[in-house]
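Reader: Please walk me through how domains, a ligand shell and a helix pair can be read from a model.

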Amino acid sequence: MTAVAAVDLGASSGRVVRGVVADGNVHIEDVHRFANGPVHVDGSLHWDLPALYHEVLTGLRLAGPVSSIGIDSWAVDYGLLDESGELLGNPVHYRDSRTAGAEPREGLYELNGLQFQPFNTMFQLMAEPLLPQASRLLLIPDLLSYWLTGRCGTEYTNATTTGLIDVRTGQWSPELTRDLPPGLLTDLRRPGDPAGTFKGIPVTAVGSHDTASAVVAVPASHDRFAYISCGTWSLVGVELDFPVLTAESRAANFTNEGGVDGTIRYLRNVMGLWLLQECLRTWDAALEPLLQEAGAATGSVFDPNDPVFLPPGDMPARIERACGRTMTRPEIVRSVLDSLAAAHRDAVADAQRLSGKEVEVVHIVGGGSRNELLCQLTADACGLPVIAGPAEATALGNVLVQARAVGAAQGTLRDLRKLVRESQPLRRHLPR
Ligand code: LFR
């Protein structure tokens, strides 16, 4: 029996799981979970990368014997190394205000296919004081992989979120990287490629952008599906073979991110459960009881994608301002869920209209798939059946790509998805 270890770092929590593919099933078991979040240091927001690395090492020790290790995390953020390979400062969090003034640039979409997000790596680099001292840039999963193996490389799916990859060639764009120090960017690896060894165990590149791994584990039985990878963000879209680079698509802020096996993740970022997470943090309250009350509460619909919601801080006050009224806590929770459901509906409709791909079902994967009220409201808003689960799609996608690389799983994304469908509990929500 071949086991692999998947390291999956989300913006609010991380985990190391042990995964096994055998007898037409994929099975994962948590071996280590830990909290993650922004750390304020000296007026800016950072990730505590050494602490995360420590948790990764603990998790890998607890995972026991495995045939491969794979790492994924949120996208766009990076560490810079000096010429001796030392980390220059703790990586800055994409919610830091240093990119607040970033503006979309003419002609960019046609080159990199990315929706405008002020935090995309290319805009962070424009505000990066350490750049002149830097010899190498490594995205977060690649940085952890470097610490484990001593080998540098950049995994492709995550690289596409930097804004520096040419969407047509899938390679670093000479034009977009022209002003960066030579040698800063490292060679690309594809999901499934070897990425060095840690204590004799192969490290395997996976869809190291967490959303790319999550999409691998969407338990779809046919091609006519939309997905919502629902966690801190809701990533809402469809899977395509080719990018959509039209002016309408750019105006609708749809992105063409690179997926596993050469697919395109054509999607929009919706602000997601971050809105709720920050409410709960402000209130110092638990979600479950509030969700119960939110079921019967009346909400107001606001635009969850307003950039005012991006930074951490007093979220309830910002939501009340957006809704133009004061509300009880259950009303605020309900407003968030109603607004996310409406934003999910708009993104599913726009993805179909702009790509020409029609869908019959919406898959909600990720932690948000546990939120039954949100799943039902999304089904109602979309007028489509929602299939909810698996909650640990990202870790599963990470495991599956490794399992295929070591020969424990075979086939295309369709085959990998069948394993998920046949072994993970799923819930169905029909539109009311
Ligand atoms: C989700 C995610 C999104 C990306 C955002 C910032 O965890 O990776 O796909 O847009 O975080 O990195």
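The dialogue below takes the domains, then the ligand, then a pair of helices.

Author: This is a predicted model, in which local features need pLDDT of at least 70 and side-chain atom pairs count only at pLDDT 80 or more, while totals for chains, interfaces and linings use all residues. Residues are numbered from 1 along each chain as its sequence is written.

Reader: Which domains does the assignment give?

Author: Domain bounds come from an automatic or database domain assignment, and here they give domain 1 (2-208) and domain 2 (220-389). Their C-alpha centres lie 24 Å apart, and the contact (C-beta atoms, placed from the backbone, within 7 Å) takes 21 residues from domain 1 and 19 residues from domain 2.

Reader: Where does the ligand lie with respect to the domains?

Author: A residue is near a molecule if its C-beta atom, placed from the backbone, lies within 6 Å of it. The ligand is surrounded by 14 residues, the closest being Trp74, Ala75, Val76, Thr211 and Trp233. Domain 1 and domain 2 both give residues to this shell, so the ligand lies between them.

Reader: At what angle do helix 10 and helix 11 pack?

Author: Helices are DSSP runs (H or I, at least four residues), numbered from the N terminus, and axes are lines fitted to C-alpha atoms over the stretch in contact, with angles from 0 to 180 degrees between N-to-C directions. Helix 10 (residues 315-323) and helix 11 (residues 329-355) pack at about 70°, their axes 11 Å apart, and are therefore roughly perpendicular (65 to 115 degrees). Pro316, Ile319 and Cys323 in helix 10 meet Ile332, Ser335 and Val336 in helix 11.

Key
Helices (H or I, at least four residues) and strands (E, at least two) are DSSP runs, numbered from the N terminus. Angles under 35 degrees count as roughly parallel, over 145 as roughly antiparallel, 65 to 115 as roughly perpendicular and the rest as oblique. Two residues are in contact if their C-beta atoms, placed from the backbone, lie within 7 Å.
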